[in-house]
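Open your viewer and get ready to make a few selections. We will move from the core outward, one stop at a time.

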Amino acid sequence: MRKIVLAAAMAGTALTLAACGETAEVEAPVEEEMAAETEAEVTEMAGVMDASTATAEQLASVEGVSPELADAIVAGQPYADVTAFHATLMENVSEEEAGAILERVFVPINLNDASEEAIALIPGMTDRMIHEFEEYRPYEDMGEFDREIGKYVDAEEVARFRNYVTL
């Protein structure tokens with residue numbers, strides 16, 4: 001996340017310098033390198049598809065999702081919550097396969113009203129973290145989520161959790 005903010009700042013600086021003269025030529029390669037690095041990180045972080053809106057083609061591109069499973073997922077759209085999506089997965093694949101798919105395809109949970117069962121479906125979730133997610137309710141904004149959950153896990157893990165939650 002810091003790299004994204006840094007890249008945005010660098011991009012703004014480079015544009016300003018470009019408007020002012022020669023210095024932009026020196027800064028442009030750095031900006032391009034940062035933008036490429038940032039784009040790759042955003043793609044990696046944004047790699048979790050919303051099962052309620054993904055197309056069959058998008059779903060079939062996910063490892064472990066067959067064209068038949070992709071069609072079954074689309075047939076169940078939109079999902080009331082991740083537990084409904086998980087039920088669809090369990091009708092078609094094993095628990096282990098469902099867990100692997102949930103890492104890449106998920107129905108974002110609302111931090112303020114998600115059930116314990118829904119929170120537990122977040123890949124890598126522990127009993128302790130379920131308790132922490134619930135303890136800080138209600139969340140006023142995602143910044144509050146970052147601060148509170150960041151007391152227990154590092155920034156990378158907070159960013160990973162944000163792929164699965166919403167307000």
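**Stop 1: the core.** Keep in mind that this model is predicted. Select Ile122, Phe133 and Phe145: among the 42 residues of the largest nonpolar core, these three touch the most other members. This fits a general pattern, since nonpolar side chains tend to be buried together in soluble globular proteins.

Now centre on Phe145. Which residues is Phe145 in contact with, leaving aside neighbours within four places in sequence? The list reads Leu111, Phe133, Tyr139, Gly150, Val158, Phe161, Arg162 and Val165. Keep Arg162 highlighted; we will come back to that residue.

**Stop 2: the whole fold.** Zoom out and switch to a cartoon view. You should be able to count ten helices and four strands, and, starting at the N terminus, the elements follow the order α-α-β-α-α-α-α-β-β-α-α-α-α-β. The protein has 167 residues, of which 34% count as buried. If you turn on a surface, about 9800 Å² is exposed, with 52% of that supplied by carbon and sulfur atoms. For a contact map, take the contacts with a separation of 6 or more: 49% of them link residues 24 or more positions apart.

**Stop 3: helix α4.** Select residues 67-75, which form α4, and colour Leu69, Ala70 and Ile73, which are buried. They lie on the same side of α4, because they cover an arc of only 105° around the axis. The helix geometry helps here: an α-helix has 3.6 residues a turn, so residues three or four places apart point the same way. Turn to the other side of α4 and you will find Pro67, Glu68 and Ala75 exposed. To see what covers the buried residues, show α3 (56-60), α5 (82-92) and α6 (95-102), which are included in that cover.

**Stop 4: His86.** Stay with α5 and pick His86, which is found in that helix. Is His86 buried or exposed? Its relative accessible area is 14%, so His86 counts as buried. Beyond its neighbours within four places in sequence, His86 is in contact with Glu95, Ala98, Leu102 and Leu121.

**Stop 5: back to Arg162.** Finally, select helix α10 (residues 155-162), where Arg162 is found. Arg162 is partly exposed, at 30% relative accessibility. Not counting residues up to four places away in sequence, Arg162 touches Met142, Phe145 and Asp146. Draw a distance between the side chains of Arg162 and Asp146 to find their polar contact at 2.6 Å. For one more distance, join the C-alpha atoms of Arg162 and Pro108: they are separated by 9.0 Å, although the two residues are 54 residues apart along the chain.

Definitions and conventions
Residues numbered from 1 in each chain as written. Predicted model: local features only at pLDDT ≥ 70, side-chain atom pairs only at ≥ 80, totals over all residues. Heavy atoms only, no water. Core = buried A, V, L, I, M, F, W, Y, C linked by side-chain atoms within 4.5 Å. Buried < 20%, exposed > 50% of the residue type's maximum accessible area, 1.4 Å probe, protein only. Contact = heavy atoms within 4.5 Å. Helix = DSSP H or I, 4+ residues; strand = E, 2+ residues; numbered from the N terminus. Arc of directions from axis to C-beta. Areas by Shrake-Rupley, 256 points an atom, 1.4 Å probe, with all protein chains shown as cover. Polar contact = N/O pair within 3.5 Å; in protein donor to acceptor, adjacent residues only side chain to side chain.
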